[in-house]
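Open the model in your viewer and keep the selection panel at hand. The tour goes from a whole chain to a single strand.

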Amino acid sequence: MSAATTLLEQVLNGLTIGMVYVLLAAGLSIIFGVMDVINFAHGEFFALGAYVGLSVALATGSGGFWVALLVAPLLVGLVGAGVERFTIRPLYGRNPLYHILLTFGLVLIFKDVITLIWGQQPYQFAKPPLLSGTVTLFGFDYALYSYFVIGIGALIALGTWLALTRTRYGLVIRAGSMDRDMVRYLGIDIDRYYTIVFAFGAMLAAVGGVVLAGRQNVAPGMGNAVIIPAFIVVVLGGLGSFRGAVVGGLLIGVIQTFVRSQFPFLEGLAVFLLMIAVLLLRPQGLFGNPEWGTGGEGGDLLTAGDADVFDSALKRRIGVGLVGVLAVTPLLIGLPSYYVNTLVVNILIWALFALSLDFVMGYAGLVSLGHVLFYGVGAYATVLAVMHLVPSLFVALAVGIAVSAVIAWVVGYLSIRVSGVYFSMITLAFAELFFSAVFKLEWAGSSDGLFGFDPVYGLFAGPSVGSIELVGGVSVFYYVVLAAVVGSYLLARQVMRAPFGSVLQAIRESELRTGFIGYDVTVYKRRAFVVSGGLAGLAGGLAAVQTGGVSPEFLAWIRSGEVIVMTILGGMGTLYGPMLGAGVYLVSKELLLGITEQWQGVLGLIFVLFVIFVPRGLVSLPGLLAGRFDRSPGGGTDVLAEEETEVTD
Amino acid sequence: MSDGDPLLRLDGVRAGYGETQVLDGVSLDVNRGETVALIGRNGVGKTTTLRTILGAVTPTAGTVRYDGEDVTGLGPIETVRRGVGLVPEERRVFPGLTVEENLAVGRYGGSETANRRDPEEVLETFENLGRRRRSRGTDLSGGEQQMLAIGRALVAGADLLLLDEPTEGLAPLIVDRVSELIREINEEGITVLLVEQNVAVALSLADRVYILDRGRVVFEGAPAELEANESVMERHLGVTV
Amino acid sequence: MAAAESGTVRETADPVLVTEDLTRRFGSLVAVDGVSLEVERGEFRSVIGPNGAGKTTLFNLISGALPPTSGTVRFDGEDVTRLPPHARVRRGIGRSFQITNVFGALTVHENVRVAAQSVYDAGLPIAERFFCSTADFEEINARAEETLERVGLADRATERAAALGYGDRRRLELGLVLATDPQVVLLDEPTAGMSREETRATMELIDDVLADRTLLLIEHDIDLVMNVSDRVTVLDRGRELTTGSPSDVAANERVQAAYLGGER
C-alpha cells in the first residue's frame, strides 16, 4: 500500500469516527447554546441509542438495522424529553454547574439501568448485508460501512443545519441562544423549545450510537468512552456553535486517527493538549462568539455555610465526639477488622479528598472537574518516593503533597485566568491528559501501575506499614490516616479563620468587589488551588499506601465526579460537610452493595434528588426540616434566594 | 377616550428587584390612540414601569389592567399575546441574525392584532433596512438597530407599543428620523407609551406626559403645561432654568 | 462641606488624578471620547450627564475595570493606565458601585475587616496570613470598628450583610471603600434607588466621612451635586461638555440643551 493510500485510509477512518463525534457534539453544543446546560449524560443517550437499536434490530429480524436506525433515536428522544422536563427544568436559573452535577448523577443512573436491562456482556450488532464488504472508489478499497457512516453523518448534519437556518423552530432557537429574554418579550414561550432541543440532541446522539454499533461492540462503557472527546469537540469548536461542533468533530476524529498511527506516543494526549491550548489562547473556541451568549441566568453556587442550624459549640462537641469514637473504634472487640482497615480508612481518605475540593469550590468558587489529578499525582509521587527515594512513609507522603502542590500551581497558573464553565473544562482536560499520559510512562508502571513496595514508619528502616497490628488485626496505619485527616481538617479550618481564608470567602461572595478592595483575586485563587492540590495529594498518597499500590484508576475522571458528589451531598463551603458527605456516600455504597448490584444507579438517583431539592447538602437538612415546621425567617427555607437582582432602570 | 375605558391602567403599582423597591405606587392611564411620554431622571423607575406592564417584573402590590382585563403577574408571554409590544432599552436586536431573520422572530411570536405588519412591508417602509436585509444585527449602526427593533415589534403586532429610550445614543439627525417614525406609527392607530431621557423629543411627540420621581408619579399633564411649569421641570427633571 | 463653602476653586495646581485624552470604544460606539480631567487634591468633583453619556465607563477606566482604547490615567504623578484594579486600590483609588456589591454571606464586621486587611496584606508574614486567626490582628480590627462607627453600622456588626436593609447596605458599601483608606474615592451614584430621605442622609454621610478625601461622584441628579461639589464636569455622548463651578455649569446653555436633549 502506498503512502498516499495509507494517508487516505487514515483520513477516512478519522472522518468516520469524526462523524460520530459530530452527531454527539452537535446536540451537546446546541443544548448548551440555548439552555446553558452542560450535559454529561449525553454519552449515555449515545449508549442508550446503541442498546435500544440492538434490541429493536433483534426483534425485527432482517432489515432490523434500518428499523433500529429509525426507532431507537425516536425512543431515546422521548427519554431525553422526559429528562429535560423532570430533572433539568427545575434547575433553570441556577448556576450552570448544577446542571453538570445533575447530569453526572444521571450518568450513574443510566449506566446501571443499561446493565440492569442488557447486562455486562458486550454485544455484536449485525450489520445489514447491504452495507457489508468493501467498495472500490478511485482504485481504492475501503469498508462500505464507513462510507455509510460518513454519508449519514453528513446528511444529518446538513439536515440539522437546514433546520436551524431555514425553519421557524431553528430561527427561534438561534435567537434564544443569543438573547433568551428578548425572545420571551416577543411573546414566544422559549421554555417549550427547551424540551424539543434537548430531545433532538438526544436523538442525534442515539443515531451516533446506532451507527457506531455497526462498527464496534456495544458495551456498557461506550457512553463513558465518547463523552470526553465529545466535550473536547464542543469546547474546541466553541460552546454553542453548530459550525464549531461539525468542524471540531471531524478535526478531532482525523487528528486522533492520524496521531495514533504516526505519533503513537502522543495517542490520547494530543487532543487534550489541543483543547488546553485552544482554551488558553481562545477560550471561546474556534467558532464561539462570547458576545452573543445569553449569560444572564447564572445564579450563585449554593453553599451551606449559613444553612445549618447547630451552633458552633454543639458542632465542636459533635466533632470531638466523632474523633473520639473513631479513635476507639479499632479497640471494639468483635468488629471485623475489614470495616476498620478498609471501610473506615476509605471514608477518612475520601473525606480528606472532599475537604480539599471544598477548599477551592466552597470557598473560592473554583469548580474543579479534574481534582482527581492532584489525588492521582499524590498517589504516584508517594509510591515512587518510597520505591526510589527513601522507604519512609512520612517523607513519601510529604513528597506526594509537594509534587501535587507544584502541579496544582502550574495547572492553576494556566487555568485560573479562564472563568466559570471553561475553568471546569480545562481542569477536566488536564486530568485526562495525565490519565492518558500515565499509560505511556514505563517508570510509572503504564497500565499495570506500581505495586509491591514497602513503606516503613522510620526514616530508612523500622516496622513497615501493616506489620504492627493492634487489637482485632487493626494496623497502626489506621491512626496515621486518622491523624492526617483530622490534622488537615483543623489546618484547613484555621486557614479559613486566618486573613487568607477571609479573602477567599470574600472572593466567593463577589470577585469583582474583592478586586476593588485591593486584592489580586487571581493570585489568591491560585494559592488556594495549591493548598487544595497538596491536600488532595495527601489523600492520594494515603490511598496508594492503603491499596498497596497505584494504577491509572487513581486518575480516572469518575473519581473527580464522585468527590464532587460527596462535596455537594454533604454541603459545600463548610469543610466538615463534604467530609460527612464522603462518609454517607461510602456507607450507602457499602449498604447498597449488599442489596443490589445497581448501587451506582441508586446513589445517582439520591444525588439527583439532592441536587434538585437539597442543593445545600446534608448539613442544611436540619434547617430545612425545621423550616417545614417553623416558617420563621432565617429558618433555612430560602434554598433559592432571590435569583434576580439586576437593576436595569 | 374613544372606548370609554383606557387601554392601559396602572393602579398603585409597587415593584422592585430583590430588596430594592423601585416603584412606590405608580398609577397611570394610557388611552387608545394616545402617545404618552414617561419622563424623569435616571433611576426613578421608568424602565421598571415598562417591565412591569410587560409582565417581566411582577408587582408586589397594585394592578395592571390592559384592555379592561387584569393582567397583573401574567408574565410577558401572555401580555404580549394580548397586544402589548416592547422596543427595549439598548434595542436588543439578535446580534447573529440578519435583518430579515430578526423580523421573522417577531412574526413567530407577538399577537394577532389588526396592527400586525408583514416583514416585507416593514422592509419597504424602512428603506434603509430593506437595503441591508441580509446584514447581521451586529453590523448595523445604532440608528439602523433602533429601526430594526421598532420594525420587529411591529411585525410581532402591537396595539400598545412600549418604547424604552428609543433615541438614546443616537446622532441628532437620526433622533429626528426615529421621532418621525414614532409619530407615523401612532398616526396609524398604535397607542404609544414612550420612556425618554430626551425631554425635547418626549414633549414634541406626546399627547400627555407623566413625570416619575423616586418611584412615584409627580406630574401629569399636557406638554404645554409642563413647559410652562419651570419649577416642576427643575425639581423633577434636573433641568435648571 | 468646607471646600464648597469657600465657593472658589483653588488655583494652586496639585492634581492627584489626571486623565489625558481618555477614550474607550465598544465596537463602533465611542463611549468615552477623549476625556481629559484634572482632579485637585481634596476636591469634590461631580461628573454629571444624561443617560449614555459615558459616566460609568469613565469610572471603569479610572478604576481599572476596563482598559482604555487610548489615553492615560495618572495618579499622584504615576501612570496607572495599565494597572489592574487591585493595584490601583493599593495606591489609593477606591470605588463604590452603583448596584450595591457587598459580601452577603459575611457579617457586617467581616465585610469591613477584610477590606481593612487589604491595607496590611502586602506586609503580612506568610505564617500569620495563613494561620493566625483574624481576631488576633488588633490594628486591623480596630480599623474595621472605627470604620463601622463612622458609617453608623457599629450596632449591626454581627449581622450578615445580606440581611441588611437597602439603606444600610449602601452604608456598608461606603464602609468597604473607606476601610481601604483611599486618597481618591470614586462614587458611582451612591443614592441610586433611594428615597428622598435616604438620599439626603447618604449625602450627609458622604460629606461627613469622606470630607477629607478627594471625591469623584457620578450623579444624574444635578440638584444633588450643586450644593456639595467644588467643580462639576458635564459629559454628553462620551465627551466632556464643560467643567466649572456649579453655578457656571448650571448657567451653561449647552448643559441645559444636553439635559433637555438634542443639540439641534
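Among contacts in chain A between residues at least 6 apart in sequence, what percentage join residues at least 24 apart? The share is 78%. This is a predicted model.

**Stop 1: chain A.** Select the whole chain. Colour by secondary structure: 24 helices and four strands appear. Chain A is as compact as a globular protein of its length, because its radius of gyration of 26 Å is close to the 26 Å that the globule rule gives for 649 residues. Turn to the principal axes, along which the C-alpha trace of chain A spans about 75 × 65 × 50 Å. Now colour by burial. Of the 649 residues in chain A, 56% are buried.

**Stop 2: strand S8 of chain B.** Switch chains and select residues 191–195. Five of the five residues in S8(B) are buried, so the strand is largely enclosed by the rest of the structure. Show side chains and check each face. B:Thr191, B:Leu193 and B:Val195 lie on one side, B:Val192 and B:Leu194 on the other, and all are buried.

**Stop 3: the partners of S8(B).** Add strand S3 of chain B, residues 35–39. S3 pairs with S8(B) in the parallel sense, over four bridges. Look for B:Ala37 opposite B:Leu194. Next add strand S7 of chain B, residues 160–164. S7 also runs parallel to S8(B), with five bridges. Here B:Leu160 has B:Thr191 as its bridge partner.

**Stop 4: the crossover.** Select helix H7 of chain B, residues 172–187. The chain passes from S7(B) through H7 to S8(B), a right-handed β-α-β crossover.

Conventions: Residues numbered from 1 in each chain as written. Chains lettered and ligands numbered in written order. Predicted model: local features only at pLDDT ≥ 70, side-chain atom pairs only at ≥ 80, totals over all residues. Helix = DSSP H or I, 4+ residues; strand = E, 2+ residues; numbered from the N terminus. Rg over C-alpha atoms; globule rule 2.2 N^0.38 Å. Buried ≥ 20, exposed ≤ 12 C-beta atoms within 10 Å, placed from the backbone. Contact = placed C-beta atoms within 7 Å. Pairing = 2+ DSSP bridges. Right-handed = clockwise from strand over helix to strand, strands pointing away.
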